[in-house]
Amino acid sequence: MPFLNDQNRMWQDRARQVADKVVRPLARKYDELQEYPWEIKEALAEAGLFGVWIPTEYGGAGGTVLDLALVIEQLSRACGGVGVMYCVNALGSFPMLVGATEEQKKRWLPQIAKGEKLIAFCLSEKFAGSDAGSMRCQARKDGDHYVINGEKKWTTNGGVASIYTVFAVTDPASKSRRISAFIVEKGTPGFSIKKVEDKMGIRCVPVVESHFDDVRVPAANLLGGRPGMGFKHAMQTLDFARPGVAAQGLGLAQGAMEYAVTYALRRQQFGQNLASMGVIQDMLGSMAAKVEAARSLIYRAATAVDLQDVESINRLAAMSKSFATDVAMEVTTDAVQIFGGYGYMKDYPIEKYMRDAKITQIYEGTNQIQRLVIARNLIKDAGRFASIDAYIPKESYNAYHAVGDDELSAVRGRTEPQSSESR
Ligand code: CAA
């Protein structure tokens, strides 16, 4: 990648080494056990990877979102589960970076940067997934505390994390200032994990239901110290984090493609290896082009975040997330196809890539939501090129044959099928 700088390459190399030496050999074990891979987490912490996205003044390495994406890509190339087990800590801590007070940043970020404490992001609920704003979990002010009641669904890192960024309704009557974010620490009375999900993929990282029964947190844990900013902070967080999910998809696609081409060179059928067959080359060529396209888009989106290009972040983050994770699903599925019957078997490494890829199209906003975000941006910006409307011919009715509104309704009434009630 010619446009990567020395710092980018340093993080990329460091992550690649951990991925090759530690992650790949253990990927299958933790997928089977469905247990948190503490030994991998220690290796990531030792390599300083938990500090990548955290500024130096809060104990981090002061890296960029592009650095973070490069690390996630390398880890996910070896194991998609480890990719998310790592990057969900960025998702959990971005609300602090976008909205916390100095005091809050200094209190919690250094522990995350060192990898001493893991963090989770509690936004979704059973009945509030894509429509995040319709959440019901409530936080009521009580003196110098808030009391949180409700449930959160799909909390990735739940149970193993020590810190939770929790979004709750503080002003049910308000339309745009309804939600606030709080930091809740593990062990706070009333906070519990009630269900650990049994998942198709990303099995090494827990995804849980978190329950809040009269959980009292000091008002000092209200993110940013001002209520009502939660939804904005959540949306800004997702803009920052989505290139990371995209990078997870990219790593999975890259890793699956590498396995596919390696196997295609080894596997003999009809007196030749699969890689020398035109049908397989067609698949490999298409996989490689998609992977490279996804990579370019992700690096572009991550750079937009790093440059604080506010005009572009929202749409590019959504584009990179939806495009790269769709590529992940397509490429991992094709890789299984190239492995044939063996690809479907658990003792081969490839089916795990396909299972791990599926969730990337769903979490941190389904790809349908991403395309809604992209379309909203496009429509919002359409005024910029409104003058080309003049080049689109406009049809008009001939005055003699035009049908007025009243007449049209009368015609409709005569021709449209009648409902059973009116029949
Ligand atoms: N940055 C800053 N502010 C933003 C914003 C952004 N990107 N997007 C919206 N806002 C603001 C708007 O300006 C608006 O503010 P005002 O009220 O002051 O005008 C407010 O937020 C509401 O905006 P919308 O009307 O656009 O909101 P909406 O209800 O239509 O929702 C949505 C928009 C894009 C669909 C949003 O709900 C969304 O992203 N949904 C998907 C949620 C999601 O990604 N969930 C995944 C959770 S994480 C996870 O998967 C678990 C895990 O652990 C991995």
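**View 1. The ligand sits in the largest pocket of this predicted model.** A pocket here is an open set of points on a 1 Å grid over the protein atoms alone, with protein on both sides within 12 Å along at least five of seven lines, and sitting in it means that more than half of the ligand's atoms lie within 2 Å of its grid points. Local features need pLDDT of at least 70 and side-chain atom pairs 80 or more, while totals for chains, interfaces and linings use all residues. Residues are numbered from 1 along each chain as its sequence is written, and side-chain values use heavy atoms, without hydrogens and water.

**View 2. Here is the shell around the ligand, 25 residues in total.** Each has a heavy atom within 4 Å of the ligand; Ser130, Ser176, Asp239, Glu364 and Arg376 come nearest. Helix 6 (230-266) provides the largest share, seven residues. Strand 3 (145-156) and helix 10 (367-380) are also among the elements that supply at least two.

**View 3. Polar contacts (N or O pairs within 3.5 Å) join the ligand to the protein.** Ligand nitrogen lies 2.8 Å from a polar backbone atom of Ser130, and also 2.8 Å from a side-chain N or O atom of Asp239. A ligand oxygen is 2.9 Å from a side-chain N or O atom of Thr156.

**View 4. Asp214 and Phe270 have positive phi values.** Most residues other than glycine have a negative phi. Asp214, in strand 7 (residues 207-218), has a phi near 50 degrees. Phe270, with phi of about 50 degrees, lies in the loop between strand 8 (268-269) and strand 9 (272-273).

Methods:
A polar contact is a pair of N or O atoms within 3.5 Å; within protein, one must be able to donate a hydrogen and the other to accept it, and residues adjacent in sequence count only if both atoms are side-chain atoms. On a 1 Å grid over the protein atoms alone, a cavity is a set of points where a 1.4 Å probe fits but cannot get out, and a pocket is an open set with protein on both sides within 12 Å along at least five of seven lines; lining residues have an atom within 4 Å of a point. Helices (H or I, at least four residues) and strands (E, at least two) are DSSP runs, numbered from the N terminus.
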